Amino acid sequence: MAKLVIVESPAKIKSIKKYLGNGYDVMASVGHIRDLPKSKLGVDIENNFKPEYINMSDKKDVIKSLKTAAANSDGVLLATDPDREGEAISWHLAQILALDLNDANRISFNEITETGVKTGISNPHKINLNLVDAQQARRVLDRIVGYKLSPFLWKKVKGGLSAGRVQTVALRLIVDREREIEKFVSEEYWTVDAKLIGSRKTFDSKLYGTADGKKLDTISNEESALRIVNELENAEYTVTDIKKGVRNRQPAPPFITSTLQQEASRKLGFTGQRTMKVAQQLYEGVEVSGYGTTGLITYMRTDSLRISEEARATATKYITEHYGSNYMPSKQRYFKTKNDAQDAHEAIRPTIIGITPEMAKGSLTAEQYKLYKLVWERFIASLMANCVLDTVSVDITAGNYLFKSSGYTVRFDGFTVLYEEGKDEDIALGGALPEMKIGDSLKLKSLTPNQHFTQPPARYTEPTLIKALDENGIGRPSTYAPIISNIIQRNYIEREKKSLKPTELGTVVADLIGEYFKKIVDVKFTAGLEQQLDKIGAGELGWTDTIADFYKSFDALYKKAEQSLDGKRVKVPDVETDVVCEKCGRKMVVKNGRFGKFLACPGYPQCKNTKPVPEDEVKQPCPKCGAKLVKRVSKKGKKFYGCSNYPQCDFASSGIPTGEKCSECGSYIVSGIRGRKYCMNSECPTRKTGKMAKTDEK
């Protein structure tokens, strides 16, 4: 009989079976197989917070197959993902399959490669019950908060709302930032910029201060700026000081989960959820020409910057061979992992350095290629030599004033030949300056006063919110993507271009929970709870004691909130628009429905007039009935185009109708991403072959 290896994802089966050979059968649990019941709390508060786990109804067939296979095997090895959640899934599998927890039946694959799989299979160990307890504690905490606060919101705000322990903290950050922006009072200030000519080359210089080196007070109005300009019009511009130096720029470290999500958002425009989905595919394995099915990156849920010496040596060899030994630092670079990081895994890196992005490109989807290229280049660059810059700073005196210019030239490009980290904000760097020496006279080409206004703090974007959560110790890197996705789907926040903006509903929910459960959703308190979960995972704390301490505070706050708000409801304010209801003359307001935003008359129920939000209307009419088409959002957050005459007309499509019909099946042709036309009938032969749909010319 063969040994049975159980993994989480079916996508791994082919790769792992190839490396293990005939002595092993590989099956998948397809994620979790047991969980708390959805219909009730599922936590026995009075019995030491004992969780009530049940087999998931949609996993009946999976469980039956696993039991049969286990009974007919020569032993079971649990190879779920190498993290807390994976450890808990292995523990649940052990319960269902009646495995002995004292047996060494747990294995881990940090990478789905021949080396990674064979190393894992050769090092079985017991299920780490401390990690299981840490996961149980998180699940029970989230269940208690969610199943207590959600009904509270139903009673006090409106039905269908939900609250989460960590999601509410993220929402609080976004709402607080919006309040900072609203309260911000912009102040006017002016700068004076000069264009000077030296050695026949024009360069920029900024007014800094007075000739004695003191920084100038803020120029608060145009009158003051023009006065300075007038004083400087006929002044002599003389170089009075030159400072030259050398600046070394170090590469960014290899990716961890949070930085991968941030960089993929900056450079690729990926959401955190999309990034993690594609990273999972690269980890589980893809068919690569010449290599077969293999995992291309190491495990993508990690907050460790550790790199194996084997990977370091391989990367060093690659850099030396392809760029030269001068592109290696004089001393190997080691990155320090944060103190509170779990060091169970390496940083995210390519598993096989020799599979370059260009080599893999033909085997990958467009988004897999982009993310793999990002991981591969970041890892190689992290081990390369510094970029060396020659810097120069020049002081220029003009009358009673001092101007400064700075610039740089690249002496050695180092790691930047391959990769540079993206930035959330543009950082201005001066370019090369002309050759100058102290005492040189410069010619003034132009002198410009520029008006500016102080700017409020920027709204969070997805990468800056992830960075804030990470820096404050809120949640775990693997939870950032679902946190943001959840609060968007709940209509607590919305995207405005790349920014995250709270909705009226989100503001009401954050304020209500913040007022009555301030301690529970406090940033420092939540971060402290994460540290306690880490200590449970390390065996330093008991999980039920941690839950008991939390519940004591939470229950007291809950009872006080119930008492304070007895019989009261909080109204979510409507957003009034300039659109006038043609039936009664009132200004219409924005409402949210199952298909997204729409305009409604505030005179409801006397006036029931509704219409699409103007910017959501589509020029092309509904091909079915001729009414207007409207951009809408499904319950799962996916955008589609539907008829404004719904429910009388049920037309809906993910693409915009072109007004043409498919010559193959007669259905409607729609235009999707980048204008690609396709037939909206999923059963059309053109969809199955992947060919561009042809229009009916009749």
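This is a tour of selections through one predicted model, from a small sheet to helix contacts and nonpolar cores.

Residue numbers start from 1 along each chain as its sequence is written. Because the model is predicted, local features need pLDDT of at least 70 and side-chain atom pairs count only at pLDDT 80 or more, while totals for chains, interfaces and linings use all residues; side-chain values use heavy atoms, with hydrogens and water left out.

**Stop 1: the three-stranded sheet**

Select residues 3–7, 24–28 and 76–78. These strands form an open sheet with the order 2-1-7 and parallel pairing. Helices (H or I, at least four residues) and strands (E, at least two) are DSSP runs, numbered from the N terminus. Two strands pair if DSSP finds at least two bridges between them. Strand 2 (24–28) and strand 7 (76–78) are the edge strands, each pairing on one side only. From one strand to the next the twist averages 25°. Strand 1 (residues 3–7) is joined to strand 2 by five bridges, and the two run parallel. To check the register, select V7, which stands opposite A28 in strand 2.

**Stop 2: strands 9, 13 and 14**

Move to residues 401–412, which are strand 14. On which strands does strand 14 find its partners here? Strand 9 (residues 201–210) pairs with strand 14 in the antiparallel sense over four bridges, and strand 13 (residues 387–398) is joined to strand 14 by 11 bridges, also antiparallel. For the pairing with strand 9, show K206, which stands opposite K404 in strand 14. For the pairing with strand 13, show V388, whose bridge partner in strand 14 is F412. Strand 13 and strand 14 form a hairpin with two residues between the strands, and G399 in this hairpin takes a positive phi near 60°.

**Stop 3: helix 3 against helix 5**

Two packed helices are described by the angle between their axes and the distance between the axes. Select residues 84–96 for helix 3 and residues 129–156 for helix 5. The two pack at an angle of about 105°, with their axes 8 Å apart. Axes are lines fitted to C-alpha atoms, for helices over the stretch in contact, and angles run from 0 to 180 degrees between N-to-C directions. Helix 3 is therefore roughly perpendicular to helix 5; angles under 35 degrees count as roughly parallel, over 145 as roughly antiparallel, 65 to 115 as roughly perpendicular and the rest as oblique.

Show side chains for R84, E85, E87, A88 and W91 in helix 3, which meet L129, L131, V132, A134, Q135, Q136 and R138 in helix 5. Contact means heavy atoms within 4.5 Å. By class, this contact of helix 3 with helix 5 has six nonpolar, two polar and four charged residues. Ala, Val, Leu, Ile, Met, Phe, Trp, Tyr, Cys and Pro count as nonpolar, Asp, Glu, Lys and Arg as charged, and the others, Gly among them, as polar.

**Stop 4: along helix 5**

Stay on helix 5 and pick Q136. Is Q136 buried or exposed? Q136 is buried, with a relative accessible area of 8%; buried means under 20% relative accessible area, exposed over 50%, partly exposed in between (1.4 Å probe, protein chains only). Leaving aside neighbours within four places in sequence, Q136 is in contact with P51, Y53, W91 and W543.

Next select S150, also in helix 5 and counted as buried at 8% relative accessibility. S150 and S162 are 12 residues apart in sequence and 4.4 Å apart in space, C-alpha to C-alpha. Not counting residues up to four places away in sequence, S150 touches V145, L161, S162 and A163.

**Stop 5: the cores**

A nonpolar core is a set of buried Ala, Val, Leu, Ile, Met, Phe, Trp, Tyr and Cys residues joined through side-chain atoms within 4.5 Å. In the largest such core, of 77 residues, L153, F517 and F554 touch the most other members. Helix 5 supplies the largest share of this core, 10 residues. Apart from this core lies another, of 61 residues, among them V5, V288, L374 and L418.

**Stop 6: helix 6 against helix 14**

Finish with residues 165–183 (helix 6) and residues 480–489 (helix 14), whose axes come within 9 Å and cross at roughly 70°. That makes helix 6 roughly perpendicular to helix 14. V166, Q167, A170, L171 and I174 in helix 6 meet I483, N486 and I487 in helix 14. The residues of this contact divide into six nonpolar, two polar and no charged.
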